[in-house]
Amino acid sequence: MPALPSRHRSLFLLAGVVLLQVLLLAVQIKTVESADGSRSRLIRVWSVSAVSPFERSGAWGIGRIRDAWRHYFALSDTARENESLRRENGQLKLDVMQLQGKSAEADRLAALLNFKQKQAKVPMVVARVIGSNADANSAVIFLDQGQREGIKKNMGVITPEGVVGKVIESYRDTSQVLLLTDRDSGVGAMIANSRVQSPVGGMGEPWLNMKYVGNDDEVKVGDRVVTSGMDRIFPKDLPVGVVSEVKPGNSFKQIRVRPSASLEKLEEVIVLLTTDPLSLKQDTPAVPVAGNAAAPASASRPSTQPIFGLTNPKPAEKHP
Amino acid sequence: MNDAFDLRIGESHIEVHKFLGGTILLSVIIAVIAQSFLPVYISKAGILDLPLLITIYFGLSRRNPSTGLLLGTFIGLLQDSLSKTPLGLFGIAKTIIGYLASSIGARLDTEHPLARFALTGAFFVVHQAIVVLVQKVLLAQTQPLFTMKLLVATIVNSVLAVFLYFLLDRLRKS
């Protein structure tokens, strides 16, 4: 290494000595660094100021490299992660649906239990729907309760919303129920307000038909239809449905009734374990649906009138 | 170290002066102590800067920039240590002055009283400028660069330097 000229050596020495003393000053001096009055040594400020640009540059460079890696080279991990998240999302959706189903089931069972508790004097059993009709021309369901639970033929099947149908076959642990909507089904019914009586039967479609109401009888859309008890299967005043359409006919009105019970999505039902005549006592008076005459035929399912109380039959109500 | 020798720069022939043993060290100590104690008894003595005069003189006489700046560093730090200023304030100033004095002394004949007067005045102003600059940049202390007091001090120190340097010349090795 070539020796520096004497003049240059002294210059370097001057610079070094001055620099050392500047550093010595910086070590001693404190300067106001922040607005809150906290003080830092000048040497620290200088050090930070000298180093921070390199740190900032390094951090920027590393950040760019990392971003590039994440955005361009690590997409395989992203794809795997995305797939995993999709699977997890699907599983969560399934869980939510199951929970919603269980919640709805709990609500239904709670309603059934509440109904059963209120009708403690009436023998009944709650059964679960385990199957439905095998052909399109009939409307039947199968229950998971049968003769072992006391279920017999012609026993009434209801829900808290209304009449469902009647038991047409009873096996040891299973029973078959004919729904109200079946062509062969029928229930003794009447208009709740006018007390006009007429059987209500199925037509093989979601609607029921009220068959023998004279043209002179007053029936309006929205009128509630309840059981009359004349069939000796269902107690009196059980909700059957709501009049949804009224047309004049040759001898009788053509009346369509929307069932009160959700017959197309039954899951639990109540089987009345008696064929003795019963009468229904409601806690609240039967109130017609507002705007009956104006209610459209396609109106939503009628609000259900819960069955509040089954009482012993009156002596005068003797059914044929 | 105290032997005299000649320094040749280009075609010029400038003598490098040597002093009796302990002269430099003793002069520095006396100057620093006097600088500290004189203002206690003579308030006007505050305008004197004896350490600076010593730095200039030995810088001009030794004519070695490295030696001059190191001597200035030593004197400045010693002066700082005896004052309330942070270590390095006068150290930096006197380091630079020592370097400049040695460099100039190696090129000019600084034996004439008028030259000494002028050089001392110039170095005094430069020294003050360096101190003000360092105070402003590093200590965030604003000091006026030029005042009448500085002018008076410059003249007084320059006059004093002429006589002081004459006395110190007596301590040279012939």
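Helices and strands here are DSSP runs, numbered from the N terminus, with at least four residues for a helix and at least two for a strand. Read that way, chain B of this predicted model goes β-β-α-α-α-α-α-α from the N terminus on. That makes six helices and two strands for chain B. Chain A is another story: three helices and 16 strands.

The strands of chain A are a good place to start. One set of six closes into a barrel, in the order S3-S4-S7-S6-S5-S14, with antiparallel pairing. Neighbouring strands in this sheet are turned by 45° against each other on average, ignoring direction. Within the barrel, S5(A), residues 156-159, and S6(A), residues 162-170, run antiparallel and are joined by four bridges. Ile158(A) has its bridge partner in S6(A), namely Val163(A).

Chain A also holds a closed six-strand barrel that runs S8-S9-S10-S13-S12-S11, again with antiparallel pairing. Here the average turn between neighbouring strands, direction ignored, comes to 40°. Strand S12(A) covers residues 239-247 and strand S13(A) residues 254-259; the two pair in the antiparallel sense over six bridges. Across that pairing, Val243(A) stands opposite Val257(A) of S13(A).

Val257(A) turns up again in the packing. The largest nonpolar core has 48 residues, and Val257(A) is one of those that touch the most other members, along with Val163(A), Val164(A), Val225(A), Val240(A), Val269(A) and Val271(A). Leaving aside residues up to four places away in sequence, the contacts of Val257(A) include Val200(A), Trp207(A), Leu208(A) and Met210(A). Val225(A) and Val240(A) are also on that contact list, as is Val243(A). A second, separate core counts 45 residues, among them Leu52(B), Ile56(B), Leu60(B) and Leu89(B).

As for burial, 30% of the 320 residues of chain A count as buried, and for the 174 residues of chain B the figure is 45%. Contacts that reach across the sequence were also counted, taking pairs at least 6 residues apart. In chain A, 60% of these join residues at least 24 apart; in chain B, 63% do.

Helix H3(B) gives a closer look at burial in chain B. Of its 17 residues, 15 are buried, so the helix is largely enclosed by the rest of the structure. The length of H3(B), residues 65-81, also works out: at 1.5 Å a residue it should span 24 Å, and its end C-alpha atoms are indeed 24 Å apart.

His112(B) offers a contrasting case. This residue is in the loop between helix H4 (89-105) and helix H5 (113-138) of chain B. His112(B) has 12 C-beta neighbours inside 10 Å and therefore counts as exposed, the cut-off being 12 or fewer. Its C-alpha atom is 9.1 Å from that of Val162(B), although 50 residues separate the two in sequence.

Finally, the two chains touch. The contact draws 15 residues from chain A and 16 residues from chain B. On the chain A side, helix H1(A), residues 6-28, gives the most, with 12 residues. By type, the chain A side splits into 10 nonpolar residues, four polar and one charged.

Technical notes:
Residues are numbered from 1 along each chain as its sequence is written. Chains are lettered from A and ligands numbered from 1 in the order in which they are written. This is a predicted model: local features need pLDDT of at least 70, side-chain atom pairs count only at pLDDT 80 or more; totals for chains, interfaces and linings use all residues. The expected span of a helix is 1.5 Å times one less than its number of residues. A residue is buried if 20 or more other C-beta atoms lie within 10 Å of its own, exposed if 12 or fewer, and partly exposed in between; C-beta atoms are placed from the backbone. Two residues are in contact if their C-beta atoms, placed from the backbone, lie within 7 Å. Ala, Val, Leu, Ile, Met, Phe, Trp, Tyr, Cys and Pro count as nonpolar, Asp, Glu, Lys and Arg as charged, and the others, Gly among them, as polar. Two strands pair if DSSP finds at least two bridges between them. Axes are lines fitted to C-alpha atoms, for helices over the stretch in contact, and angles run from 0 to 180 degrees between N-to-C directions. A nonpolar core is a set of buried Ala, Val, Leu, Ile, Met, Phe, Trp, Tyr and Cys residues joined through C-beta atoms within 7 Å.
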